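Take a look at the fold below before reading on. Keep the sequence at hand as well.

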Amino acid sequence: MMKDNYTGQPNVRDVETSLCRRAFQAFRSAIEVGDTTKFLALVTEEFQFSIPLPYDDWKGKQVGKQRFKELVSFEREALRVKLTPLIELYDVHFGVVVFQAQGTLNTQPYRNELTVVFEFEGDQIKSFKEFVGMPLKSYEK
């Protein structure tokens, strides 16, 4: 008979060092303070992403590190938020983080729940796709 060693507590070392956790923390830093360095250090050379922005330039697949920098710059022009992770699920191929964004959008109060799905290749981020709880109509004032 196998003894059940589960104590109901996560293995803190595994949680703190997961690629999903590192990816989200670096993503969070990029969105909150504009520092893309840590995030871009985690991505593959073929990195791509998609986001639900209501502008033709941002529809569909986006490719490359420079494009991610442009996204962060674009979003930070209108959006000032803090991201709070709510749920994190991951395996060796994918990481899913449900999070809350709260702050201002064009100086108006903003709060939303979003999900980001990271796809991993080895110990790097191959891609991510973001899903928004409440779609944004426009970034314009």
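The paragraphs below go from the overall layout to the core, one helix, one strand residue and a surface patch.

This is a predicted model. The protein has four helices and six strands. Read from the N terminus, the order is α-α-α-β-β-α-β-β-β-β. Of its 141 residues, 40% are buried. Consider contacts between residues at least 6 apart in sequence: 48% of these join residues at least 24 apart. The exposed area is about 8900 Å², and carbon and sulfur atoms supply 53% of that.

Now go inside. In soluble globular proteins, nonpolar side chains tend to be buried together. Here the largest nonpolar core holds 36 residues. Phe27, Phe39, Phe68, Phe118, Ile125 and Phe128 touch the most other members. Several elements each supply at least two core residues, among them helices H2 (19–33), H3 (37–42) and H4 (65–78). Strands E1 (43–50), E3 (79–90), E4 (94–105), E5 (108–121) and E6 (124–132) do so too. The largest share, eight residues, comes from H2.

Phe68 is a good place to pause. Set aside residues up to four places away in sequence, and Phe68 touches Phe27, Ala30, Thr36, Phe39, Leu40, Phe47, Phe49 and Phe128.

Next, follow H2 itself. Does its length fit its residue count, and what span should one expect? With 15 residues at 1.5 Å a residue, H2 should span 21 Å, and its end C-alpha atoms are 21 Å apart, so the two agree. The buried residues of H2 are Leu19, Cys20, Ala23, Phe24, Ala26, Phe27, Ser29, Ala30, Ile31 and Glu32. Just after H2 comes Gly34, with a positive phi of about 85°.

Move on to strand E5, where Thr115 lies. Is Thr115 buried or partly exposed? Buried would require under 20% relative accessible area. Thr115 has 21% relative accessibility, so Thr115 counts as partly exposed. Leaving aside neighbours within four places in sequence, Thr115 contacts Val96, Val97, Val98, Phe99, Lys129, Glu130 and Phe131. Take Lys129 from that list. Lys129 is 14 residues from Thr115 along the chain, and their C-alpha atoms are separated by 8.3 Å.

Finally, look at the surface. Which residues make a nonpolar patch there? Leu86, Ile87 and Leu89 do, over about 290 Å². Ile87 belongs to strand E3. Its relative accessibility is 45%, so Ile87 counts as partly exposed. Strand E3 also supplies at least two residues of the core.

Key:
Residues are numbered from 1 along each chain as its sequence is written. This is a predicted model: local features need pLDDT of at least 70, side-chain atom pairs count only at pLDDT 80 or more; totals for chains, interfaces and linings use all residues. Side-chain values use heavy atoms; hydrogens and water are left out. A nonpolar core is a set of buried Ala, Val, Leu, Ile, Met, Phe, Trp, Tyr and Cys residues joined through side-chain atoms within 4.5 Å. Buried means under 20% relative accessible area, exposed over 50%, partly exposed in between (1.4 Å probe, protein chains only). Contact means heavy atoms within 4.5 Å. Patches are made of residues with over 30% relative accessible area and no salt bridge: like charges are joined within 9 Å, nonpolar side chains (Val, Leu, Ile, Met, Phe, Trp, Tyr) within 5 Å. Accessible areas come from the Shrake-Rupley method with a 1.4 Å probe; for residues, only the protein chains shown count as cover. A salt bridge is a side-chain nitrogen of Lys or Arg within 4 Å of a carboxyl oxygen of Asp or Glu. The expected span of a helix is 1.5 Å times one less than its number of residues.
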